[in-house]
Amino acid sequence: MTLSWSDPESSESPWDSPEEGDAAAGSRRAVETSMGFLHAWGLGVTVGWMDRIYGFRKRELFASLPDTVVEIGPGPGTNLRYYRPGTRLIAVEPAAAVHGRLRREAKRCSVELELHPAGAERIELEEGSVDAVVSTLVLCSVDDPREVLSEVRRVLRPGGRFLFIEHVAADPGSRLHRVQGWLRRPWAWALDGCEIRRNTGAIIRAAGFSEVQEDRFSVSGSWMPVSPHVIGVARR
Ligand SMILES: C[S@@+](CC[C@H](N)C(=O)[O-])C[C@H]1O[C@@H](n2cnc3c(N)ncnc32)[C@H](O)[C@@H]1O
């Protein structure tokens with residue numbers, strides 16, 4: 001992974017202009033519905049596939065995590081295998097459907113789990129109390145990523161790190177961007193509010209972090225609608 005420091009003020013990029021609307025905006029998420037349970041099941045069974053796609057990047061990104069980590073939207077615990085055994089994990093996860101799998105994965109990975117069964121819009125932690133917050137594939141499915149990022153920034157200590165991997169809108173004008181446009185509503189409906197054409201990279205860069213280190217990657221060719229991705233570290 002080649003990461004380069006970027007200016008948090010410059011949110012413009014050919015990939016993501018912030019004015020793009022969100023298919024999921026205004027619609028309430030359905031984590032407690034039967035679709036939420038189906039999605040939770042899907043998340044559970046795709047953990048191995050996720051490891052093949054993201055594993056080597058996550059091992060590098062998470063290599064220097066501190067002893068206590070806050071993760072927003074950990075789902076069934078996809079990332080726990082990359083955390084050092086003995087890590088204390090404060091997991092902010094509103095979907096009750098995944099809590100069982102998350103607990104089992106924490107036990108399997110010897111991670112000490114503190115579960116906050118709530119959305120990351122309100123994290124029950126003191127301001128400036130946290131060294132690191134992790135988010136992978138979460139900001140696509142929250143109602144308001146700006147609100148969540150503001151809360152992430154609030155709980156981080158000055159200099160604390162926000163580590164992220166998120167899929168973002170494809171390059172405007174590309175075939176993939178058009179495909180994302182066709183798919184976004186059914187995709188959001190079927191996948192628990194996931195917005196495939198959200199400009200999450202620009203939203204992170206505009207969220208008021210003191211610096212944002214970011215790289216991009218694509219997965220499995222242009223047939224994959226959840227691509228490209230941003231990966232990086234933002235500092236409060
Ligand atoms: C696509 S899954 C990603 C799960 C896991 N992070 C991964 O990388 O596999 C999105 C997760 O975000 C969670 N989520 C949705 N809205 C949330 C919110 N407002 N606050 C925290 N987590 C949320 C969902 O319940 C789900 O577990």
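A residue counts as near the ligand here if its C-beta atom, placed from the backbone, lies within 6 Å of it. With that in mind, let's start at the ligand in this predicted model. The shell around the ligand holds 22 residues, and those that come nearest are Gly73, Gly75, Thr78, Ala95 and Gly119. By character, the shell divides into 13 nonpolar residues, six polar ones and three charged ones.

Before going further, a word on confidence. The protein has a mean pLDDT of 85, and 80% of its residues reach 70 or more. The stretch to treat separately is residues 1–33, where the pLDDT is below 50; in the model this stretch still has 71 contacts beyond near neighbours in sequence.

Now for the overall layout. The protein has six helices and eight strands. Reading from the N terminus, its elements follow the order β-α-α-β-β-α-β-β-α-β-α-α-β-β. Of its 236 residues, 42% count as buried. Among contacts between residues at least 6 apart in sequence, 74% join residues at least 24 apart.

A good place to enter the fold is strand E3, residues 88–92. Four of the five residues in E3 are buried, leaving the strand mostly covered. E3 has a partner in strand E2 (residues 68–72), and these two pair in the parallel sense over five bridges. To find this pairing on screen, look for threonine 68, which stands opposite arginine 88 in E3. E3 also pairs with E4, again in the parallel sense and over five bridges. Arginine 88 is a handy marker here too, as its bridge partner in E4 is glutamate 112. To get from E3 to E4, the chain passes through helix H3 (residues 99–108), and this β-α-β crossover is right-handed.

From E4 (112–116) the chain continues through a loop to strand E5 (130–136), and glycine 128 is found in that loop. Is glycine 128 buried or partly exposed? It is partly exposed, because 13 other C-beta atoms lie within 10 Å, while a residue needs 20 or more to be buried. Setting aside neighbours within four places in sequence, glycine 128 is in contact with Leu156, Arg157 and Pro158. A little further along the chain is glycine 159, 31 residues from glycine 128, and the C-alpha atoms of these two glycines are separated by 9.6 Å.

E5 itself is largely enclosed by the rest of the structure, because six of its seven residues are buried. E5 pairs with E2 in the parallel sense over two bridges, and valine 70 has valine 133 in E5 as its bridge partner. E5 also runs parallel to E6, and six bridges join them. One place to see this is alanine 132, which stands opposite arginine 161 in E6. The route from E5 to E6 leads through H4, and this β-α-β crossover is right-handed.

Helix H4 (residues 145–155) deserves a closer look. Its buried residues are Pro145, Val148, Leu149, Val152, Arg153 and Val155. A general point about helices helps in reading that list: an α-helix has 3.6 residues a turn, so residues three or four places apart point the same way. What covers the buried residues of H4 includes E2, E5, strand E6 (156–167) and helix H6 (200–205).

A few backbone details are worth visiting before you leave. In the loop between E5 and H4 you will find leucine 137, whose phi is near 60 degrees, a positive value in a residue other than glycine. Why does leucine 137 count as buried? It does so because it has 21 C-beta neighbours inside 10 Å, and the cut-off is 20 or more. Aspartate 192, in the loop between helix H5 (175–190) and H6, also has a positive phi near 60 degrees. Aspartate 192 counts as buried because 22 C-beta neighbours lie inside 10 Å.

The last stop is the loop between strand E7 (211–217) and strand E8 (229–235), which holds proline 228. Which form does the peptide bond from serine 227 to proline 228 take? That bond is cis, with omega near 0 degrees.

Terms used. Residues numbered from 1 in each chain as written. Predicted model: local features only at pLDDT ≥ 70, side-chain atom pairs only at ≥ 80, totals over all residues. Nonpolar A, V, L, I, M, F, W, Y, C, P; charged D, E, K, R; others polar. pLDDT = per-residue confidence, 0-100. Contact = placed C-beta atoms within 7 Å. Buried ≥ 20, exposed ≤ 12 C-beta atoms within 10 Å, placed from the backbone. Pairing = 2+ DSSP bridges. Right-handed = clockwise from strand over helix to strand, strands pointing away.
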